[in-house]
Amino acid sequence: MLFGGVRVWRGDTELDVGPPQQRALLTLLLAAGGDPLGLDAIVDALWSHDPSGSAVNSVHRYVGALRRLFEPSLPNRAPGRWLLRSGKGYRLVADADCADLPAFRAHIAAAEGDPSAEAVTFYARALDLARGPVGSGVDLLRDHSCLRAVERERVDAAITAAHAAVHWRSPEKVLPAVQDLSADEPLNEPLQAAVMALLTATGRHAEAISLYGVIRERLAEELGIDPSPVLQDAYRQVLDADHAAATEPAAAHKTRPAQLPMASPVFAGRDGEITAVLDRLGSDGGDAPVVISAIGGMAGIGKTALAVHCAHALADQFPDGQLYLNLRGFDPDGRVVSAEDALRGFLEALGTNPASLPDQLDDRAALFRSQLAGRRVLVVLDNARDTEQVRPLLPGAPGCRVIVTSRNQLTGLVTHDGAQPLRLSPLSDADARRLLVRRLGHTRVAEDPAATDRIIAACAGLPLALAIVSARAAANSFSLSVLADELAMSADRLDALTVDEPIADVRAVFSWSYRMLPVTAADVFRRLAVHPGPEISLAAAASITGLPSARVRGTVAALIAGNLLTEVSPGRYVMHDLIREYAAELLDTAERDAAFGRLVDHYVHSTRSAYLTYGRPPVGDLSPEASGVIPETPADNVEAMTWYTRERAVLRAVVDAAIAAGLDRPIAHIVLDWRPMVFQTETLNESLPYALAGLSAAQRSDDLRLQAEAERDVANKYNIASEDDLCVKHFARALELFQQLGDSLGESNTSRNLAMHHMLRGRCTHAAEYAQRSVEAARRAGDRATLSVALGTVADVSLQTGRYDQTVDLASEALMIARQDGIAYLQSPLLETLGRAHSALGSHSKAIAAFDEGLRLARENQDWVTEVDHLGYYGDALYAAGEHAAARATWTEFFDKVDAMGAREAMSGWAYSDGEHAALETVRRARLQEAA
């Protein structure tokens, strides 16, 4: 292998190529493509024209070592069949069956000789082989002419492939490979123009336009030149295609989010500001650049109310949907929503599978812009902290609009991103009076105009304060003058929160509203301050307070009526950050500690309930929940996944708060119990830090079993990350602890994990040994679910090593246990193993039956990982049985889901390697192409 760095395999085993100069020699020989290399040229290349006296002897020694690398049984000084003497030099005999450069050239030749659309397939195969720069990592040969020549071939092939793919209307076949190559050649204008052409052909006009801007800036900064005619021409073609696309009707349905909160029915005033926002965001039609309105002002000034009001007024102009997110930029506990998490929520709302999300911020931002390309979407980013939090969340598509609210001025957004600022001042007296009239009615406000004036003055034109005062007045019959007197006399005020405007004090409003609450509602209000958010469920509120749900619902209604809490969806509430800060000030230490303990208790037991739906043995017993704590109890693993998805941000915030409080056992239990749900919803970068936090917490406890399970959890994460040394280290520690404890169950699970670790790396002997240990330990433990999993692992190893009859027996036994015990999540993967074994034995009808049942169960359990695997193998079985049309339909669905899913590492992959995945997919795509 030459592209992406020199690598050599014998069968499935990668070989060590040797020291740097030996590696460089092999690189030269491969790059020569079978042509002879003179000894002088080799010496010059390896010693940079300053060879030692022993250089020639060193070359001969490297040649001998390479020959024995290729042919281990070759006698000393024997020429062998691969590396041959040629005149005063050497040449490497490597054809398209064993080396990537000859295979690359063969595919290019086939493409150039094919006048049909099939040429694109040959180009795609060539570019797939040529991923990565030629001889990457061989510093001795940097800028060597031989390698530069092959690199030019690679670039030229990519440009030619792009033109062919655009011509034959199949740009998606080569776009990923050409994009990868273009990253290695950022100043190659024809290549960058080819990427723009491919993006345009796939309808991703906004990305193509953005790419042109990046290249133009790069050329100016690094070379001091303008884009060449070829790049300018590509840009004009993008603009023409984008204009044409904008006039065509939508061709396909896409997920249409509608996330705007309910507009306030009593919103009043702000006529000038409303007109300004609507004029800015509703103008210019769909071809205008992204328009950003940045609404700023002090806390409580009404930024969110204005943004939501205007967004609803504009909603009809954005047929592709509206996105909304509170970025929590000024949360008193510092729980700012990161740009990564914000993009996760938006991408999921737009239909992206959670497990296919990229890890890196820039990649998520690029995917977000791609999802919005060609669509008209309104984005509302509420309560932003600063420009850097907002910038990755901006769409790139013309016609999209953005409303941002913040207590800061967001100067960078105005200066560099063209945002149009709108700073909100306190309401005028006239607008404040209109707000009170809307809330209390004209008659009541007119009864005592002097008291109304005093209330308006005391609230300092702050809409939040006016809303709280009017809510209290609406609920009671006493006069406005009494309210004005109480408000004026209160000295217990909230510290002023300001940006760059006069101090506005709102504590008086909050304290007055709080003192008027019934005793129970006041207790609930204070204690809810310990919840880290972002949303509070009714069950969590009940657990925190120790009150029955029905009673909590009634007190929560009082808090909502007093504008101290907002119901964002049925049974889910949000407490404004200023109000939460005020409520937290009211808690004494004992009350705060008790409420926080009940909060953590609620989520520890709720997570355990969700975990138990998966039929897995729990990690130790929990202490009984405190009296009044009401854990949420999903009925099955589908409900558990739904609960976890809804509470994911809350759980992470609770773990963070527990870490700050030093509550080690709760941290470890939550992290260990959310494992089956994290597997399908979190990327490795998101889940690994919490696994490590769980391990640290467990190590600080005196519970060895907790430590052992945490070690196993971390080891599994490192296994997915291919961090072999760390993976083995933590598995070994887990196994040591389980054996020390005499815990056969833990020993079985760890042995099974080690079996999968070795199987993925092709070490089938080790895998079989650990899989058998897992079965033996599971039988000792007497746990049928664990035994079923262990038997399934042995079956997978047997399948991998070609013992298909044994695979059928083992998978059937494991499946029987899972069916008898009703362990739903195990049955579908076991049916996949069984189906693959039947296929290998030629029992196609049995294979089809297994895949059909397994696919149905995977869909019932919302197990998208297993569903995708089943579809691929189901198609294979149908094709082998002669049902070609059904096979192609199944494969089409498989590739649609794989493409939507994206990241290959998200696949289950326990029973086979990525190389096997790639080989199978190549065959499937070829058979689909045959039909086309």
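Good morning. I begin with proline 534, which is placed in the loop between helix H23 (519-527) and strand S11 (536-537). The peptide bond leading from glycine 533 into proline 534 is cis, with omega near 5°. Please keep in mind throughout that this is a predicted model.

Let me now step back to the whole chain. The chain holds 42 helices and 13 strands. Of its 932 residues, 52% are buried. The surface that the chain exposes comes to about 39,400 Å², and carbon and sulfur atoms supply 51% of that area. As for contacts in the chain between residues at least 6 apart in sequence, 67% of them join residues at least 24 apart.

I turn next to a sheet. In what order do the strands of the open sheet run? The order is S7-S8-S9-S6-S10, so written for 5 strands whose pairing is parallel. At the edges are strand S7 (322-326) and strand S10 (420-423), each of which pairs on one side only. On average, neighbouring strands of this sheet are turned by 15° against each other, direction ignored. In general terms, the strands of a sheet pair through backbone hydrogen bonds, in either a parallel or an antiparallel manner.

One pairing within the sheet deserves a closer look. Strand S6 (residues 291-296) pairs with strand S9 (residues 401-406) in the parallel sense, over 6 bridges. Within that pairing, isoleucine 292 stands opposite valine 402 in S9. Helix H11 packs on the sheet and touches S6, S9 and S10. The direction of H11 makes about 160° with that of S6. Helix H12 (residues 303-314) also packs on the sheet, where it touches S6, S7, S8, S9 and S10. For H12, the direction makes about 165° with that of S9.

Helix H12 brings us to lysine 303, a residue found in that helix. Is lysine 303 buried or exposed? Lysine 303 has a relative accessible area of 8%, and because the limit for a buried residue is under 20%, it counts as buried. Lysine 303 and arginine 423 are 120 residues apart along the chain, yet their C-alpha atoms are separated by 9.1 Å.

Two residues with positive phi come next. Arginine 270 has phi near 65°, a positive value in a residue other than glycine. Arginine 270 lies in the loop between helix H10 (229-246) and helix H11 (271-281). With 4% relative accessibility, arginine 270 counts as buried. Asparagine 383, which is not a glycine either, has a positive phi of about 60°. Where is asparagine 383 placed? Asparagine 383 is in strand S8 (residues 378-384). Its relative accessibility is 12%, and asparagine 383 therefore counts as buried.

Finally, I come to the surface. Leu187, Leu223 and Ile225 make a nonpolar surface patch of about 220 Å². Of these residues, leucine 223 is found in the loop between helix H9 (205-222) and H10. Leucine 223 has a relative accessible area of 45%, which means that it is partly exposed.

To close, I return to the parallel sheet of 5 strands, on which H11 packs and on which H12 packs as well. Thank you for your attention.

How values were computed: Residues are numbered from 1 along each chain as its sequence is written. This is a predicted model: local features need pLDDT of at least 70, side-chain atom pairs count only at pLDDT 80 or more; totals for chains, interfaces and linings use all residues. Side-chain values use heavy atoms; hydrogens and water are left out. Helices (H or I, at least four residues) and strands (E, at least two) are DSSP runs, numbered from the N terminus. Buried means under 20% relative accessible area, exposed over 50%, partly exposed in between (1.4 Å probe, protein chains only). Two strands pair if DSSP finds at least two bridges between them. Axes are lines fitted to C-alpha atoms, for helices over the stretch in contact, and angles run from 0 to 180 degrees between N-to-C directions. Contact means heavy atoms within 4.5 Å. Patches are made of residues with over 30% relative accessible area and no salt bridge: like charges are joined within 9 Å, nonpolar side chains (Val, Leu, Ile, Met, Phe, Trp, Tyr) within 5 Å. Accessible areas come from the Shrake-Rupley method with a 1.4 Å probe; for residues, only the protein chains shown count as cover. A salt bridge is a side-chain nitrogen of Lys or Arg within 4 Å of a carboxyl oxygen of Asp or Glu.
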